[in-house]
Amino acid sequence: KKFFGMKITEENIIIRPLESITQFYREGKTMHHCVYAQGYYARKDALILSATVNGKKVETVEVNLKTLDVVQSRAVCNGVSEYHDQIVKLIKKNMNQIRRRLTA
């Protein structure tokens with residue numbers, strides 16, 4: 001809940017946390033990967049984010065909340081989007097926003 005409402009943006013990229021089990025389910029179905037099936041919503045040390053470009057989902061991102069590292073960022077079918085490097089860089093650039101919410 002500490003991350004509800006958080007938004008990281010730059011130009012046409014918007015990155016937001018998944019905030020409900022329903023969102024995890026939809027993310028998994030839309031992106032054709034295991035974010036829901038593997039129960040990422042129950043992981044205490046992971047923050048799962050959804051990155052969109054021009055309103056279209058492009059990658060799902062996992063941040064380790066202990067190390068504040070980007071563990072993975074996956075596009076449809078666990079691929080890599082053309083925005084991958086930009087998304088990872090943007091999250092790293094805004095890691096202080098995540099850190100602040102952890103300590104709040």
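On one side of helix H2, Asp85, Lys89, Lys92 and Lys93 are exposed, meaning over 50% relative accessible area, while buried means under 20% and partly exposed lies in between (1.4 Å probe, protein chains only). This is a predicted model, where local features need pLDDT of at least 70, side-chain atom pairs count only at pLDDT 80 or more, and totals for chains, interfaces and linings use all residues. Residues are numbered from 1 along each chain as its sequence is written, and side-chain values use heavy atoms, with hydrogens and water left out.

Now flip H2 over. The helix spans residues 84-93, and His84, Ile87, Val88, Leu90 and Ile91 are its buried residues. They share one side of H2 because they cover an arc of only 160 degrees around the axis, an arc taken from the directions from the helix axis to the C-beta atoms. An α-helix has 3.6 residues a turn, so residues three or four places apart point the same way.

What do the buried residues of H2 pack against? Their partners are strands E1 (8-10), E2 (13-17), E3 (46-53), E4 (56-64) and E5 (69-74), plus helix H3 (95-103). Contact here means heavy atoms within 4.5 Å.

Zooming out, the protein chain has three helices and five strands, and from the N terminus on they run β-β-α-β-β-β-α-α. Helices (H or I, at least four residues) and strands (E, at least two) are DSSP runs, numbered from the N terminus.

Here are some whole-chain numbers.

| Feature of the protein chain | Value |
|---|---|
| Box filled by the C-alpha atoms, along the principal axes | roughly 35 × 30 × 20 Å |
| Buried residues | 42% of the 104 residues |
| Accessible surface (Shrake-Rupley method, 1.4 Å probe) | about 6,200 Å² |
| Carbon and sulfur share of that surface | 47% |

The radius of gyration, taken over C-alpha atoms, is compared with a globule rule of 2.2 Å times the number of residues to the power 0.38. With 104 residues, a compact globule would come out near 13 Å, and the protein chain's 12 Å agrees. Among contacts between residues at least 6 apart in sequence, 50% join residues at least 24 apart.

One last stop is histidine 33, in the loop between helix H1 (21-31) and E3. Is histidine 33 buried or exposed? It counts as buried because its relative accessibility is 13%. Leaving aside residues up to four places away in sequence, histidine 33 touches Glu27, Gly28, Thr60, Arg74, Ala75 and Asn78. Arginine 16 is 17 residues from histidine 33 along the chain, and their C-alpha atoms are separated by 18 Å.
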